Amino acid sequence: MKAPLSLNKRALRGTVWLAADIHLGPQGPHTAAAFYQFLEQAADACEHLILVGDIFNAWIGDEQIRAPEPWLHTALQHLQQFSQRKKLYLVRGNRDFLIGKELATFLQAELLPDQLILHTDAFEFLLMHGDELCTDDHSYQRFRRIVRHKLTQALFYSLSLKSRQRIANFFRKRSKAAGQHKTYQITDVNAGACLDIMLLNNQPTLIHGHTHRPALHHLDAQHPDYRRIVLPDWEFDHSQPPRAGWLSITSEHITLHRQGHDDLLCGVVSAPPQQQQANV
Ligand SMILES: [Mn+2]
């Protein structure tokens, strides 16, 4: 039986923005450019920006920042510029689960626990990247247990950055190839796994990324107040139309902003039942 996340609680005052699955890396210059623009917008509009995992397409260790490749140098600069103005938080994803304290300190960001309960001015919710919820994907969960193991990580860290990069590339390719044989349902979160963690923590709202399937879901008829909000991914280099978006959380609304070809706001999620707002 898992323990509730009682220790992983954070309270943030003021407007909070959330974005996930940006996959920054040398493979996505246009995605990166769009994200840097977003960072400027966020620095004007919110108090806290939380990047909910897969910020980077791969992260092979914080030592990368000591002699960064050009794309990473630029990314670090933009993230630092943001954190000079507003508070920045990092959550690890499945591709960048090796993000550590050195990166967080360098960015003047706060590294958050993998799963936490967040209190904002008007809302309270569970927050996580979400790959742990894809429990139907047995081969991925097996892989996850291995790579998250301390011994595996110690071995990985004993290798040179070059070797680590080679291994990361190998697994990224393998995961892509395996993904082609997995059904849409297998690579989505498992409804039961979501409900379990929500009930365990007595939190009727769950926010996560990872699946790249932005939406608001109501769980089931037995739990009409339980809902799951999925963050969009960012992709401007290999997809037409490009995809991007974020969630803004004010004292009144949780709003899903999706940047389609027309740049318009696509969805508004209502406030909690006690202060129901209009759905648009
Ligand atoms: Mn992911």
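Histidine 210 turns up in the loop between β8 (205–208) and β9 (215–220). In this predicted model, the backbone there does something a bit unusual: phi of histidine 210 is near 75°, a positive value in a residue other than glycine. Is histidine 210 buried or exposed? Its relative accessible area is 16%, and the cut-off for buried is under 20%, so histidine 210 counts as buried.

Histidine 210 also has a job to share at the metal site. Which protein atoms act as donors to the manganese ion? The set is made up of Asp54 (OD), Asn94 (OD1), His129 (NE2) and His210 (ND1), and these sit 2.1 to 2.3 Å from the ion. Written along the sequence, the spacing of the donor residues reads D-x39-N-x34-H-x80-H. Take the pair aspartate 54 and asparagine 94, which links distant parts of the chain. Aspartate 54 comes from the loop between β3 (48–52) and α2 (70–85), while asparagine 94 comes from the loop between β4 (87–91) and α3 (101–106), 40 residues apart. Both aspartate 54 and asparagine 94 are buried.

Aspartate 54 deserves a second look. This residue is not a glycine, yet its phi is positive, at about 50°. As for its surroundings, aspartate 54 has a relative accessible area of 1%, so it is buried.

Next come two helices. How do α1 and α2 lie relative to each other? The axes of helix α1 (residues 29–45) and α2 come within 9 Å and cross at roughly 10°. Angles under 35 degrees count as roughly parallel, and α1 and α2 are therefore roughly parallel to each other. On the α1 side, the residues that meet α2 are Phe35, Tyr36, Leu39, Glu40, Ala42, Ala43 and Asp44. Their partners in α2 are Trp71, Thr74, Ala75, His78, Leu79, Phe82 and Arg85. Sorted by type, the residues of this contact come out as nine nonpolar, two polar and three charged.

What about the cysteines? A disulfide is a covalent bond between the sulfur atoms of two cysteines. For a pair to count here, the sulfur atoms have to be within 2.5 Å, and by that rule the model has zero disulfides. Cysteine 194 shows how this plays out: the nearest cysteine sulfur belongs to cysteine 134 and is 8.2 Å away, and cysteine 194 is in no disulfide. Cysteine 194 is buried, with a relative accessible area of 1%. Cysteine 46 is buried as well, at 0% relative accessibility.

Another backbone detail appears further along the chain. Glutamine 240 and proline 241 are joined by a cis peptide bond, with omega at about -5°. Where is proline 241? It lies in the loop between β10 (223–230) and β11 (245–249).

Strand β11 contains glycine 245, which counts as buried at 0% relative accessibility. From glycine 245 to histidine 223 is 22 residues along the chain, and their C-alpha atoms are separated by 28 Å.

Finally, there is the segment before β1 (9–11), where alanine 3 is found. Is alanine 3 buried or exposed? With a relative accessible area of 59%, alanine 3 is exposed. Its C-alpha atom is separated by 33 Å from that of glutamate 63, and these two residues are 60 apart along the chain.

Note on methods
Residues are numbered from 1 along each chain as its sequence is written. This is a predicted model: local features need pLDDT of at least 70, side-chain atom pairs count only at pLDDT 80 or more; totals for chains, interfaces and linings use all residues. Side-chain values use heavy atoms; hydrogens and water are left out. Donors are N, O and S atoms within 2.8 Å of the metal (3.2 Å for Na, K and Ca); water is not among the atoms, so sites may look incomplete. Helices (H or I, at least four residues) and strands (E, at least two) are DSSP runs, numbered from the N terminus. Buried means under 20% relative accessible area, exposed over 50%, partly exposed in between (1.4 Å probe, protein chains only). Axes are lines fitted to C-alpha atoms, for helices over the stretch in contact, and angles run from 0 to 180 degrees between N-to-C directions. Angles under 35 degrees count as roughly parallel, over 145 as roughly antiparallel, 65 to 115 as roughly perpendicular and the rest as oblique. Contact means heavy atoms within 4.5 Å. Ala, Val, Leu, Ile, Met, Phe, Trp, Tyr, Cys and Pro count as nonpolar, Asp, Glu, Lys and Arg as charged, and the others, Gly among them, as polar.
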